[in-house]
Amino acid sequence: MMQHLAEGAALMGYALSSAQLQQFEEFRTELQRGNESMNLTSIKQPADVEKLHFLDSLTVLLALDLPQNEDNSPLILDVGSGAGFPGIPLKIVLPKARIRMLEATGKKVSFMRQVITTMGLPNIEVLQGRAEELAHTPTLRESFPFVVSRAVAPLATLVELCLPFCSVGGTFIAMKKGDMDAELKAAAHAIRVLGGEPLSRMAVPSKLFEDNRILVTIEKRIATPRSYPRRPGVPSHNPLLKG
Ligand code: SAH
């Protein structure tokens, strides 16, 4: 029962209880059910869901520098969560964390809300809307010490969608794959304009994934200028590239 996930999480220092593994089973059942009525995710085989969605989502923990205080409940925003990745797996593994998931597509938002209700997950909420708009909401802007995102956009676009949510001194972690040299170089200007500074690149150990997965951590150094993010669609159609 989710042996691969249990072993992978253990390699990262997280011993999952049978109750947590049961929650992953429940989430996988909900994904199957959701996929029957809508096109939620192209990954459908149970073993693939376990590895490519669940274990992959948890790899962000390798770069999340969470406070060690037992009472602490870190506030984490997941931008462009889709069917709930990495936000819902993070919630299962970090029960005390306060998770917020942002998603533009209504059907995916409904799915995630239904999963949260069915599974009875506490302290996890879905925000519906475009990052370009929600990042200008005062209660959300510069309000998250941790921002994460998987498979949403190239880095130059992604930082415009994510860094505005990050509190000054906080970190944004982009879950990426492949050679990041060109993508990081192309994003350098955007990162600077938005008040960030590249902090580190961490390779996901090949014991977990052998296809060159990378966690890019960016620190928010100064407040993002008010004019960012630009209007919906602009960050992706016209990313902040230099020159
Ligand atoms: N993070 C999930 C989903 C990736 S697909 C996963 O790894 O499986 C990208 C998702 O981001 C889509 O569901 C899309 O609707 C959402 N998205 C893309 N641009 C967005 C934006 N500007 N604001 C909010 N959501 C966005």
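User: Leaving aside its neighbours within four places in sequence, which residues is Thr 224 in contact with?

Analyst: This is a predicted model. A contact list shows which parts of the chain meet at a residue in the fold. For Thr 224, with sequence neighbours up to four places away left out, the list holds Arg 141, Glu 142, Leu 163, Pro 164 and Leu 194. Thr 224 itself belongs to the loop between β7 (213-220) and α9 (234-237).

User: Is Thr 224 buried or exposed?

Analyst: Relative accessible area is the quantity to read here, and under 20% is the cut-off for buried. Thr 224 has a value of 5%, so the residue is buried.

User: What does the side chain of Thr 224 reach?

Analyst: Its partner is a backbone atom: the oxygen of Leu 194, at 2.7 Å. Leu 194 also appears in the contact list of Thr 224.

User: Now the ligand. How many residues surround the ligand, and which are the closest?

Analyst: Start with the shell, then go to individual atom pairs. The shell has 17 residues, and the closest are Gly 80, Phe 85, Glu 103, Glu 132 and Arg 150. The ligand sits in the largest pocket. Two elements give two or more residues to that shell, β2 (98-103) and α6 (131-134).

User: Which atoms of Phe 85, Glu 103 and Ala 131 lie close to polar atoms of the ligand?

Analyst: Separate backbone from side chain when reading such pairs. Phe 85 uses a backbone N or O atom, 2.7 Å from a nitrogen atom of the ligand. Glu 103 uses its side chain, where an N or O atom is 2.6 Å from an oxygen atom of the ligand. Ala 131 offers a polar backbone atom, 2.9 Å from a ligand nitrogen. As for area, the ligand alone exposes 570 Å², and the protein buries 80% of that.

User: Arg 150 was among the closest residues to the ligand. Where is Arg 150 placed, and is it buried or exposed?

Analyst: Arg 150 is in strand β4 (residues 144-150). Its relative accessibility is 13%, and therefore it counts as buried.

User: What polar partners does the side chain of Arg 150 have?

Analyst: One partner is a backbone atom and another is a side chain. A polar atom of the Arg 150 side chain lies 2.9 Å from the backbone oxygen of Leu 52. The side chain of His 53 makes a polar contact with that of Arg 150 at 2.8 Å. Beyond four places in sequence, the contacts of Arg 150 include Leu 52, His 53, Asp 56 and Ser 57, as well as Phe 85 and Pro 86.

User: Which peptide bonds are cis, and where do their prolines lie?

Analyst: The angle to read is omega. From Phe 85 to Pro 86 the bond is cis, with omega near 5°. Pro 86 is in the loop between β1 (75-79) and α4. Another cis bond joins Tyr 228 and Pro 229, where omega is about 0°. Pro 229 lies in the loop between β7 and α9.

User: What does His 136 contact around Pro 229?

Analyst: Read the atom pair together with the contact list. A polar atom of the His 136 side chain is 2.7 Å from the backbone oxygen of Pro 229. Further contacts of His 136 outside its sequence neighbourhood include Arg 226, Ser 227 and Tyr 228. The C-alpha atoms of His 136 and Arg 226 are 8.1 Å apart, although 90 residues separate them along the chain. His 136 is in the loop between α6 and β4, and at 35% relative accessibility it counts as partly exposed.

User: Where is phi positive in a residue other than glycine?

Analyst: Asn 123 has phi near 55°, and Asn 212 has phi near 65°. Asn 123 lies in the loop between α5 (106-119) and β3 (124-128); Asn 212 is in the loop between β6 (196-203) and β7. Each counts as partly exposed, Asn 123 at 40% and Asn 212 at 43%.

User: Which residues does Lys 91 touch, and is Lys 91 buried or exposed?

Analyst: A charged residue type is no substitute for the computed area. Lys 91, in helix α4 (residues 87-93), has 2% relative accessibility and so counts as buried. Among the residues it touches beyond four places in sequence are Leu 121, Pro 122, Asn 123 and Ile 124. The C-alpha atoms of Lys 91 and Ile 124 are separated by 7.3 Å, with their positions 33 residues apart along the chain.

Notes: Residues numbered from 1 in each chain as written. Predicted model: local features only at pLDDT ≥ 70, side-chain atom pairs only at ≥ 80, totals over all residues. Heavy atoms only, no water. Helix = DSSP H or I, 4+ residues; strand = E, 2+ residues; numbered from the N terminus. Buried < 20%, exposed > 50% of the residue type's maximum accessible area, 1.4 Å probe, protein only. Polar contact = N/O pair within 3.5 Å; in protein donor to acceptor, adjacent residues only side chain to side chain. Contact = heavy atoms within 4.5 Å. Near = heavy atom within 4 Å. Areas by Shrake-Rupley, 256 points an atom, 1.4 Å probe, with all protein chains shown as cover. 1 Å grid on protein atoms, 1.4 Å probe; cavity = no way out; pocket = protein on both sides within 12 Å on 5 of 7 lines; lining within 4 Å. Sits in = over half its atoms within 2 Å of the grid points.
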